[in-house]
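Let's take a walk through a protein model together, starting in the middle of its sheet and working outwards. Keep the picture open while you read.

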Amino acid sequence: MKKYIVAVTGASGSLFALRLVEALLVTSEVHLVISSAAIKIIAYETSLDLTSRTQEGCVSKLRQHFNTGRLFYYEDDCLHSPLSSGSFITDGMYVVPCSMKTLSGIANGYADNLIIRASDVIIKEGRRLVLSPREMPFSAIHLENMLKLARLGVVIAPPVPAFYSQPKDLNEVIDFITGKLLDAMSVQHNLFKRWKDA
Ligand SMILES: Cc1cc2nc3c(=O)[nH]c(=O)nc-3n(C[C@H](O)[C@H](O)[C@H](O)COP(=O)(O)O)c2cc1C
């Protein structure tokens, strides 16, 4: 079974992360890290409230939410987690959404939390890293950090919708973005109709 790390940071767009985890869990094991900033934003933007839960409380709530035992959860300050080491083999890692703070930490190797350390490991081991940076507009600092990472082979996949699939509602927009994120990791899916599909 494939194994992916999904990190959620405190940018807007946590719905994309939840849909991505749901889609990956269909065929894969997911190792989830959520930053403390993201925990608050998830509670604000979605129906999933993990605030004031312990680590064990988060695990049981998440397994209940996604109806699976294939989901593993780590706190962002737990640098002793297996994800901190290159010996933890995965098929790749997502940071969705990726805040400008975490983007900067990854681009500069400033690994003071588990999300940045795990990303650092993925880069040093030559594995697939997909970031979905969310900010509007981007400054030159943000763009330079993205360019630096893109040159290292990191996939920069911001949550930008397209409309050629003629989405009927927000769920279809979210599925389109999620499908593009799955494409970036070569994970098969059926979340949107491809251009020129019959
Ligand atoms: C409601 C809300 C929305 C935010 N949206 C963004 C965003 O879209 N992009 C971003 O870079 N930061 C955003 N921030 C700021 C980050 O949460 C903040 O920089 C935080 O330190 C990021 O920490 P993390 O990367 O460890 O999760 C937002 C903050 C709040 C409270």
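Start with one pair of residues: Val95 stands opposite Leu131 in strand E5. Before going further, keep in mind that this is a predicted model.

**The sheet**

The Val95 and Leu131 pairing belongs to a bigger pattern. E4 and E5 run parallel and are joined by 4 bridges. On to the next strand: E5 also pairs with E6, again in the parallel sense, over 2 bridges. There, Leu131 has Ile156 of E6 as its bridge partner. Elsewhere in the sheet, E1 and E2 run parallel with 7 bridges between them. One example is Val6, whose bridge partner in E2 is Leu32.

Here are the three strand pairs side by side.

| Strand pair | Direction | Bridges |
|---|---|---|
| E1 and E2 | parallel | 7 bridges |
| E4 and E5 | parallel | 4 bridges |
| E5 and E6 | parallel | 2 bridges |

In what order do the strands of the open sheet lie? Reading across, you get E3-E2-E1-E4-E5-E6, so this is an open sheet of 6 strands with parallel pairing. E3 and E6 (155-156) are at the edges with a single partner strand each, so each has one side without a neighbour in the sheet.

**A covered strand**

Now zoom in on E5 itself. How many of the residues of E5 are buried? The count is 5 of 5, so you can call this strand mostly covered, given that a residue is buried if 20 or more other C-beta atoms lie within 10 Å of its own. Leu129, Leu131 and Pro133 point one way from the strand, while Val130 and Ser132 point the other way, and all are buried.

**Zooming out**

Time to look at the whole thing. The protein has 7 helices and 6 strands. If you trace them from the N terminus, the order is β-α-β-α-α-β-β-α-α-β-α-β-α. The radius of gyration is 16 Å, close to the 16 Å that the globule rule gives for 198 residues, so the protein is as compact as a globular protein of that length. Its C-alpha trace spans about 50 × 40 × 35 Å along the principal axes. Of the 198 residues, 38% count as buried.

How do distant parts of the chain come into play? Among contacts with a separation of 6 or more, 74% are between residues 24 or more positions apart.

**Ile5, Tyr94 and the core**

Ile5 shows this kind of long reach. It is found in strand E1, and it is buried, with 26 other C-beta atoms within 10 Å. Leu129 is 124 residues away from Ile5 along the chain, yet their C-alpha atoms are separated by 9.4 Å. Leaving out residues up to four places away in sequence, Ile5 touches His31, Leu83, Thr90, Met93 and Ala118.

Ala118 turns up again in the largest nonpolar core, which has 52 residues. Val6, Ala7, Leu20, Val33, Tyr94, Val96 and Ala118 touch the most other members of that core. Helix H1 (residues 14-25) gives the largest share, 8 residues. As for Tyr94, its contacts are Tyr4, Val6, Ala7, Leu20, Val130 and Leu181, not counting residues up to four places away in sequence.

**Two helices to look at**

Why can we call helix H5 largely enclosed? Because 8 of its 11 residues (114-124) are buried. Those are Leu114, Ile115, Ile116, Arg117, Ala118, Ser119, Val121 and Ile122. They pack against E1 (2-8), E2 (28-34), E3 (71-75), E4 (92-98), H4 and E5 (129-133). Just after H5, you can spot Gly126, which takes a positive phi of about 70 degrees.

Further along, Lys180 sits in helix H7 (residues 170-184). Is Lys180 buried or exposed? It is buried, with 20 other C-beta atoms within 10 Å. Lys180 and Val160 are 20 residues apart in sequence, and their C-alpha atoms are 9.7 Å apart in space.

**Around the ligand**

Last stop: the ligand. There are 14 residues around it, and Thr9, Gly10, Ala11, Ser35 and Ser99 come nearest. Helix H2 (36-45) and helix H4 (100-107) each supply at least two residues of this shell. By type, the shell divides into 5 nonpolar, 6 polar and 3 charged residues.

Conventions: Residues are numbered from 1 along each chain as its sequence is written. This is a predicted model: local features need pLDDT of at least 70, side-chain atom pairs count only at pLDDT 80 or more; totals for chains, interfaces and linings use all residues. The radius of gyration is taken over C-alpha atoms; the globule rule is 2.2 Å times the number of residues to the power 0.38. A residue is buried if 20 or more other C-beta atoms lie within 10 Å of its own, exposed if 12 or fewer, and partly exposed in between; C-beta atoms are placed from the backbone. Two residues are in contact if their C-beta atoms, placed from the backbone, lie within 7 Å. A residue is near a molecule or strand if its C-beta atom, placed from the backbone, lies within 6 Å of it. Ala, Val, Leu, Ile, Met, Phe, Trp, Tyr, Cys and Pro count as nonpolar, Asp, Glu, Lys and Arg as charged, and the others, Gly among them, as polar. Two strands pair if DSSP finds at least two bridges between them. A nonpolar core is a set of buried Ala, Val, Leu, Ile, Met, Phe, Trp, Tyr and Cys residues joined through C-beta atoms within 7 Å.
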